Amino acid sequence: MKSRKRIFTLIELLVVIAIIAVLAAMLLPALNKARATARSAVCISNLKQFNLYWMAYAGDHDEYLLGSQVHDKSIRNDGTNDATWAEYALVKKIVPTASGILTAGSTTTTYWSKLLLCPANTNPVVWHRVRRLQISYGYNIYIGQRNFDLGTTPSTWTKQMWQKLSSRNPYTNRTTVLTDKWSYVANRNNGAQPSGVTNASGYYKNQLYASIAQDRAHSGGQNSLYADGHVDSVNYVLMETDNNTVALWRATGPGNIKEFHITP
């Protein structure tokens, strides 16, 4: 006897499709979470690798640290401002650097380094003074020898800066060197942000100061590299309250260092 083929009814097909949709809805959040975790892990790896180059730079320069702004006429020679840390690091190839024209018909060169790109940041392009860069991170503006523009008397900032690895800083495990700075959260003091971190996503104030607002770059907050070499995901910014800056070494004591948390 000839067997008859089993044919699914429309209702049965709809049931199967509904089951698949339910399973997809259940799995999608888990997949998104896993993807976000992987991006954060790459970001953390970037910061740890940057620390190696940061330390090597100090080793090659008599312990002087990479400045948040650097007076180097080979990088910028217009007599107005110093180059930013990112311009200097990329053009001088202190970190592994690539460059090229990314937009068809453009004549503008873009500089970037994988170490300075958080994979969760989908739009990392920013102008630093005179160059087009792709970066996702912000650098502590109080680190280095030179700071602010050429019209500022350098001695004004000498007492504020952490210039050398051997310079006094009892809070290296809490001093932020580099941090996610592309998913801006303005919430402290009703949105009025103090100066502190050179912001890698264009949040300059008068091209000299920069916001240190917290970032929601990842589910745990922002990934931050500290001066002792460790990296942590935090939902706060550390500041010393004597001068309201991220120059923690200026604090009169541990009790004067506070965490300013992200608020809902």
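## The main nonpolar core

A nonpolar core here is a set of buried Ala, Val, Leu, Ile, Met, Phe, Trp, Tyr and Cys residues that are joined through side-chain atoms within 4.5 Å. This is a predicted model, and its largest core of that kind has 46 residues. The residues with the most contacts inside this core are Phe50, Trp54, Leu116, Tyr139, Val177 and Leu178. Five elements turn up as giving two or more residues each: α1, α2 (85–91), β7 (137–140), β8 (176–180) and β14. Helix α1 puts in the largest share, with six residues.

Phe50 is a good place to start looking around. Leaving out residues up to four places away in sequence, Phe50 touches Leu66, Trp85, Val95, Leu115, Leu116, Tyr139, Val177, Leu178 and Leu225. There's also a second, separate core of eight residues, and Val234, Leu238, Leu248 and Ile257 are among them.

## Strand β14 and its partner

Now for β14, which covers residues 236–240. Five of its five residues are buried, and that goes for both faces. On one side sit Tyr236, Leu238 and Glu240; on the other you'll find Val237 and Met239.

Which way does β14 pair with β15 (residues 257–261), parallel or antiparallel? The pairing is antiparallel and runs over five bridges. If you want a spot to check the register, take Met239, whose bridge partner in β15 is Lys258.

## Strand β6, with strands β4 and β5

Strand β6 (residues 131–134) is another one with both faces covered. Arg131 and Leu133 are buried on one side, and Arg132 and Gln134 are buried on the other. So much for cover; the pairing is next.

Strand β4 (residues 110–112) pairs with β6 in the parallel sense, over three bridges, and Thr110 stands opposite Arg132. Strand β5 (residues 125–128), on the other hand, pairs with β6 in the antiparallel sense, over four bridges. There, Val126 has Leu133 as its bridge partner.

## Along helix α1: buried and exposed spots

Helix α1 takes in residues 10–60, and Ser40 is one of them. Is Ser40 buried or exposed? Ser40 counts as buried because its relative accessibility is 12%, and the cut-off for buried is under 20%. Setting aside its neighbours within four places in sequence, Ser40 is in contact with His218, Asn223 and Ser233.

Ile11 lies in helix α1 too, but Ile11 is exposed, with a relative accessible area of 62%. Ile11 also helps make a nonpolar surface patch of about 590 Å². The other residues in that patch are Val15, Ile19, Val22, Leu23 and Met26.

## One salt bridge

Side chains of opposite charge can pair when their charged atoms come close. How many salt bridges does the count come to? The count comes to one. The pair is Lys164 and Asp62, whose side chains meet at 3.9 Å, N to O.

Lys164 lies in the loop between α3 (155–158) and β8, while Asp62 is in the loop between α1 and β1 (69–70). The pair therefore ties together parts that are 102 residues apart in sequence. As for cover, Asp62 counts as exposed because its relative accessibility is 55%, and the cut-off for exposed is over 50%.

Technical notes. Residues numbered from 1 in each chain as written. Predicted model: local features only at pLDDT ≥ 70, side-chain atom pairs only at ≥ 80, totals over all residues. Heavy atoms only, no water. Buried < 20%, exposed > 50% of the residue type's maximum accessible area, 1.4 Å probe, protein only. Pairing = 2+ DSSP bridges. Contact = heavy atoms within 4.5 Å. Patch = residues over 30% accessible without salt bridge, like charges linked within 9 Å, V, L, I, M, F, W, Y side chains within 5 Å. Areas by Shrake-Rupley, 256 points an atom, 1.4 Å probe, with all protein chains shown as cover. Salt bridge = Lys/Arg side-chain N within 4 Å of Asp/Glu carboxyl O.
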